[in-house]
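Here's a quick walk through this one, chain by chain, with a stop at a single residue along the way. Have the viewer open and follow along.

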Amino acid sequence: MKKRYLYLLLLPGVLFLTIFMIVPIFLTIGTTFFNESGFTIQGYLDFFKDRYFIEILLTTLRVSLFTTIICILLGFPAAYYISKLGKRTKAIMLLFTIFPLLTSPVVRSFSWMVIIGKNGVINKLLLSMGLIDKPLDILYTPTAIIIGLVHLFLPLIIVTLVGVMENIETDLLKAAESLGASRLAVFSKVIIPLSVPGLVIGSILVFVGSFTAYTTPALLGGKQRVISTFLYQNAITLNEWQVASIVATIMIAVTVLIISIMNGLAKKLNPKG
Amino acid sequence: MQEKNRGLALFTFLVFLFLLGPLLIISVTSFEGGNILKFPPEEFSLRWYENIFNVEMFLISFKTSILVSLAGNLLALLLGVPAAYALSRFDFKGKTIINAFFVSPILVPGIVLGFAFLRYIVGTYQLPIYAALFVGHTVIMLPFIIRVISSSLSNFDFSIEEAAESLGASKVGTFFTVVLPNIKSGILAAVMIAFLESFNNVDISVYMTGPGVSTFPIQMLTYVENYFDPTISAISVLLMIITAFFMFIVERLMGLSYFTKR
Amino acid sequence: MALFTLQDISVAYNKQNILKDFNLEIEKGKLVSLLGPSGCGKTTTLRLIAGFLQANEGKFLFKDKDYTKVPVNKRNFGFVFQNYALFPHLSIFDNIAFGLRLRKISKSEIEKRVMNVLEIVNLKGFEKRYPQELSGGQKQRVAIARALVIEPDILLFDEPLSNLDANLRVNMRVEIRRIQQELGITTVYVSHDQEECFSISDQVAIMNKGVIEQLSDPASIYKYPETKFVADFIGFKNFIDFDKRVDHEDKIELSKSGYVFVIQKDAQMINLSGKIGAIRPDDLLIRAKDISEVVSENSISGRVKVSTYLGRSFQYVVETPIGDFTVNKEMTESYRAGQEIVLEIPRNQMVLVD
C-alpha cells in the first residue's frame, strides 16, 4: 500500500526527466562513439589533434582557473567579515550579495561592456587623468571574460562561505585564543580549515560555472571563443551536430572530472569534515 | 585588533563596490538623453524607456518568456510537489539516488542541456519551438521547485498528518487540508525562485529560436549585438526592480537560509 | 598569598551592570567555585579572568602584576568550555597538541606531553580518533587534557558538566577534583549545581546580582550561611524576622510578637548582628497537639494548611501566629490539613543571617 503510493508520487517526475533530459543527454553522448561502421573514438582523436580546439579548451580552463582564484581571494575575506556582523547588518549585506545573483546575466555582462569598452567608464577616467594616451583594449579579451565571470560568481562563493562560517562556533575561536593563538593563528589554524567544505563547494560552483558559462563570454569575449561559445557556434551557425555533440561530451566529462578531483582534495584536507 | 577589522571592512566595501557599482552605472545610463550610451549621461530623459515599447520584438518575446515561465512553473509544480513530498515523508531504498536524480538538471552544463534539447526534443521528438521551450524550462525549474519545497517540508511535523487521519481525513484530503496550507509559503518561494531562474535563462533558450520566436533575454542579446544604445540599460533597470521585488518576497517567505545553505 | 586578585571590577552591558565593585582573591593551588542562579555574574567573572572580556573599571592582578590588559592568548590560562569546543577538523592528538605547537615546542616533547596528559585523563589509545567519534564524557576529558597540557597557571571551567547525563556528571566531577589535586593547579569552577560545587571545591563563592554574598569552605556555607540569600539558596526555606535579639554568654534570645526562641551560641558562628532566623524544613520538629498541652520553650502551635506526599516523607505547610513554615517529616505518622500541631525549633538548628 505504502509502496504503491510512493511510486505514484515519484513516477510522473521521474518519467518526465527521463524522457526529456536523461535520454537526450545520453543520446548526445552515445552518438559520439559510433559511426557507420560501429564503435569508434575517432571523433575524439581528431579533436585532440586539432590545435584550434586545444587552444579554446586551454583558454577556457585558464579563464576558469583565474576566475576561481580571484573569487576565493576576494570572497573569503569579505565572507569572513560578513559572517562576523550583527544579525541585521549581516542580513542586509546578504541581500546585497544575493541581488546580483538573481539579476539577469545579460544585464550583468552588459554592464561591463559599458565600463570596460573602448569609450567606457574606465578608459574615459584613465584618459582624463592622463595615465594613458590611447584607450585600453580590455573588452573582447580573455581578461574581459574573467572580469565578467568574477562578477557573475563572486556572490555565489561569498554566500556559500558565509553559510559555512556562520556555523563555526565562537567558542572554538575562544578556545584557540585561550591556548595561546594570536588572531592570525586563529584565522589560519581554525577558521580556514573549518571553511574548507565551503571553499570546496564554492570553488566547484565557480570553476564549473565559469567553464560552462555562455552569456558572459558571448557578450564580453568578442571573437575570443571559449568552449561554450564554440559548442553553440557548431550547433547553430555551422550546423555541425556531430562536432557539437563531441564538445558537449567533453564539457560533461571535464565537469565530472573537476567535481571528483575537488571532492577528493576536500577529503584529503579535511578527513572528518 | 581594531585596525585589522577596519582594513577588512574597507576590503569588503570595495568588493561590494565591484559587485553593485556596475549595476548602478547602467541604471544611471538608462536616463541618457542623447543617442549614444555613455557615463555619466549628458542630459536627462526617459526616451529609452519609451523605446522599449517601440521595439515590437521586445513586447512579443516578453510575452513568450512570461508564458513559458508560468506554464513551465505550473507543470514543474505538478511534478515536483508530489516528488518533494514523497522524498521528505518516506524513507525508502534508493532515496539519495532519486534525490540526486531530481537535482541533476542543475549539474548538467546549461549550454550542453540546451544543445541536447535542440537535437532531440526539437529534432528527434519533432516538438514545435514553443513546446520545446516549455518542456526545457520545466526541466530546469524542477530542481529548484523540489529543493525549496523539500527544505520547507523538512520543518514539517508529519505527526500532524496522522492526527488529521485519526480525525477521519483521507490521505489525499489530509494532504490538501493539512500539508499544503503549512508549506504554502515554501511553494510560493519555490515558484518565485524558479520563475527568476527560467525568465533569466539564456543557455537553453538560445537554441530555441525561430522566425518571430525567442525569449526576452535572447532578444536582449540580439539587440546588444546590433545596437549599442541605452535601451538595454532601461530594460536592465526594469528587470532589476522586478528582481528586487521577488527577492524581497522570497526573503519574507523563508529568510535567507536557502541561499547560504549548500 | 593570593595568586590572583580582582580589584574593584565593574562590567556593564547596554548600560546594565553585570559586576559592580567586584573583589575576589584566590590562593595558589585552590579550587574555588562560583555558584549562583543564572544572571548572577559568575560566567562574566570567569570570562573576565580568562581575558575574553574587558572590565570597564578595576584591575586584574596576577602574581602582583597588572594583567588587566593582557590579551587572552598571552595569559596562559586553560579554559574548559561547556560545549567542549573541540576542533572538529583535528584528531584528539592534534587537538591537545594545538597549544603546544603554538609555543614552538619540539616534536618529541609534544609527543611526550600529549601522551602523558592522555594518561592523566584516562584516554590512552584515543589519540588518532576525531571529536565526532567520542562520547560526551570523553570529549570533556579531551577538553580538560587540552587545557592542562599547556601547563596553565590557572584552570577555568565554565559549567563543564552540564551537557552530561546525571551518572557521568558524578564520575567526571570526582575525576576533575582528582586531577586538580594531583597537579595542584589553581582552578576556578563555574556551575549552577550546588551539589557539584560543594563536592569538589576548597572554597565556594555564592554570587547574587554581581556580588559575592559569601565565600568560604563548603561545610561552613552549608551550616552557617551569612545572608538570607545564601540561606535561601542552599535550602533554608523558613525565615523568621525577629523584633529583638539579646546576646548572652552561651546563648542568644530572640523574640517575635512575644514568642521567644533561644539558640545555642557556638564558636564557629560567624554572624554577630543578624536578626533573621533561618531553619531548614528537615530540621523543624512537628507533633500533634494535645488539647491540654501548654506550649514549652522554642515551640509554637499552629495548624496544617497543606499536606503533600513526597514519597519518602510528607511536606507540610504550617500556619502559625508568626508566619507560615515548611516542614518535612518522615512517614512514621501523618497529619491532615486543618489539624492542630506544635512546631519546635531545636536550640542548635537555627542560624541567624543578615
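## Chain B: helices and annotations

Let's start with residues 62–250 of chain B, a stretch that is 78% helix and 0% strand, with its end C-alpha atoms 23 Å apart. Keep in mind that you're looking at a predicted model. An unreviewed UniProt entry labels residues 62–250 of chain B "domain: ABC transmembrane type-1".

UniProt, again in an unreviewed entry, also lists "transmembrane region" for residues 57–85, 97–121, 127–146, 175–196 and 232–254 of chain B. Take two of these spans. Residues 57–85 of chain B come out as 100% helix and 0% strand, and their end C-alpha atoms lie 40 Å apart. Residues 232–254 of chain B are likewise 100% helix and 0% strand, with 32 Å between the end C-alpha atoms.

## Who touches whom

Two pairs of chains touch, and the pair with the most contacts is A and B. What about chain B and chain C? They don't touch, and their nearest C-alpha atoms are 11 Å apart.

## Chain A: mostly a run of helices

Chain A carries 12 helices and two strands. Reading from the N terminus, you get one helix, then the two strands, and after that helices to the end: α-β-β-α-α-α-α-α-α-α-α-α-α-α. The C-alpha trace of chain A spans about 75 × 70 × 35 Å along its principal axes.

How many of the 273 residues of chain A count as buried? The share is 54%. If you look at contacts in chain A between residues at least 6 apart in sequence, 72% of them join residues at least 24 apart.

On the outside, chain A has an accessible surface of about 12500 Å², and 68% of that belongs to carbon and sulfur atoms. As for charge, chain A has 22 positive and 11 negative side chains, with the centres of the two sets 10 Å apart.

## Chain C: two domains, plenty of strands

Chain C has eight helices and 21 strands. The domain assignment splits chain C into domain 1 (2–228) and domain 2 (237–353). The C-alpha centres of domain 1 of chain C and domain 2 of chain C sit 40 Å apart, and the C-alpha trace of chain C spans about 85 × 45 × 40 Å along its principal axes.

Of the 354 residues of chain C, 51% count as buried. Among contacts in chain C between residues at least 6 apart in sequence, 65% join residues at least 24 apart.

The exposed area of chain C is about 16700 Å², with 46% supplied by carbon and sulfur atoms. The charges of chain C come to 47 positive and 47 negative, and their mean positions are 6 Å apart.

## Zooming in on C:Ser313

Now for that single residue. C:Ser313 is in strand β18 of chain C, which covers residues 313–320. Buried or exposed? C:Ser313 counts as buried because its relative accessible area is 14%, and the cut-off for buried is under 20%.

Which residues does C:Ser313 contact once neighbours within four places in sequence are set aside? They are C:Thr308, C:Lys329, C:Glu330 and C:Met331.

Terms used:
Residues are numbered from 1 along each chain as its sequence is written. Chains are lettered from A and ligands numbered from 1 in the order in which they are written. This is a predicted model: local features need pLDDT of at least 70, side-chain atom pairs count only at pLDDT 80 or more; totals for chains, interfaces and linings use all residues. Side-chain values use heavy atoms; hydrogens and water are left out. UniProt positions are given in the numbering used here, feature names are shortened, and annotations may be inferred rather than shown by experiment. Helices (H or I, at least four residues) and strands (E, at least two) are DSSP runs, numbered from the N terminus. Contact means heavy atoms within 4.5 Å. Buried means under 20% relative accessible area, exposed over 50%, partly exposed in between (1.4 Å probe, protein chains only). Accessible areas come from the Shrake-Rupley method with a 1.4 Å probe; for residues, only the protein chains shown count as cover. Lys and Arg count as positive and Asp and Glu as negative; His and the chain ends are not counted. The place of a charge is taken as NZ of Lys, CZ of Arg, CG of Asp or CD of Glu. Domain bounds come from an automatic or database domain assignment.
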